Each structure stands twice: as structure tokens, then as C-alpha cells.
Amino acid sequence: MIFPETGYTPANLRALLKHAGLTQSAAGELLGVDMRTVRKWCAPLDSDHADMPHHRWLQLLAVADKL
């Protein structure tokens, strides 16, 4: 998969979820976090954004690669 930006960014997370066919809720279940947390990770930087921990980004990349 080719990401629009380098590394974890909200845009890359949204692209990864779309590419893997995952909803924010499904991603939350896979990562063991609440869907609201994933929503904050996906939010634009100028809104209710929270940074996604690097280990969660790597975990999601690994899971998405197997889908």
C-alpha cells in the first residue's frame, strides 16, 4: 500500500482503514481500544485529534497486511 504521507498521520490511518476494509469500530476491536479512541486518531490535527501510539500503528499495519 502506498500512503499519502510518511509514517502515521490521520490521513494515512484513514487510508489504511479504507484499504483494509475496516471500520473505526472494527479497528478498535482488533487493537483492543474503544472506537472513540480510533475516531480521535483519525481526526484532523486541527480538531479533536489524539496521536496514535507508535506501537498501535505498527500493530494495525501488521493486522491489515494479513487481511
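Trainee: Why is Ile2 called exposed?

Mentor: Ile2 has a relative accessibility of 81%. Exposed means over 50%. So Ile2 counts as exposed. Keep in mind that this is a predicted model.

Trainee: Where does Ile2 lie?

Mentor: Ile2 sits in the segment before H1. Its C-alpha is 15 Å from that of Gly21, and the two are 19 residues apart in sequence.

Trainee: What makes Thr9 buried?

Mentor: Its relative accessible area is 14%. The cut-off for buried is under 20%. Thr9 is therefore buried. Thr9 also belongs to the segment before helix H1, which spans 10–20.

Trainee: How do you know that Thr9 has a polar contact with Asn12?

Mentor: A polar atom of the Thr9 side chain lies 3.0 Å from the backbone nitrogen of Asn12. The limit is within 3.5 Å. So the distance fits a polar contact.

Trainee: Now the rings. How many aromatic pairs does the structure hold?

Mentor: Two. One of them joins Phe3 and Trp57.

Trainee: Why is the pair of Phe3 and Trp57 called tilted?

Mentor: Take the distance, then the angle. The ring centres are 5.6 Å apart, and a pair needs centres within 6.5 Å. The planes make an angle of 55°. Stacked means under 30 degrees, and edge-to-face means over 60. The value 55° fits neither, so the pair is tilted.

Trainee: What makes this a link between distant parts of the chain?

Mentor: Phe3 is in the segment before H1, while Trp57 is in helix H4, residues 54–66. They are 54 residues apart. Phe3 and Trp57 also form one aromatic cluster with Tyr8.

Trainee: Are Phe3 and Trp57 buried, exposed or partly exposed, and why?

Mentor: Phe3 has 25% relative accessibility, so it counts as partly exposed. Partly exposed lies between 20% and 50%. Trp57 has 4%, so it counts as buried.

Trainee: On to H3. Which of its residues are buried?

Mentor: In helix H3, residues 35–42, they are Val38, Trp41 and Cys42.

Trainee: How do you know that they line one face?

Mentor: Look down the axis of H3. The buried residues fall within an arc of 95°, so they line one face of the helix. They pack against H1, helix H2 (24–31) and H4.

Trainee: What makes Asp34 a cap for H3?

Mentor: A side-chain oxygen of Asp34 lies 2.8 Å from the backbone nitrogen of Arg36. The polar-contact limit is within 3.5 Å. Asp34 caps the N-terminal end of H3.

Methods:
Residues numbered from 1 in each chain as written. Predicted model: local features only at pLDDT ≥ 70, side-chain atom pairs only at ≥ 80, totals over all residues. Heavy atoms only, no water. Helix = DSSP H or I, 4+ residues; strand = E, 2+ residues; numbered from the N terminus. Buried < 20%, exposed > 50% of the residue type's maximum accessible area, 1.4 Å probe, protein only. Polar contact = N/O pair within 3.5 Å; in protein donor to acceptor, adjacent residues only side chain to side chain. Phe/Tyr/Trp six-rings, centres within 6.5 Å; stacked < 30°, edge-to-face > 60°. Arc of directions from axis to C-beta. Contact = heavy atoms within 4.5 Å.
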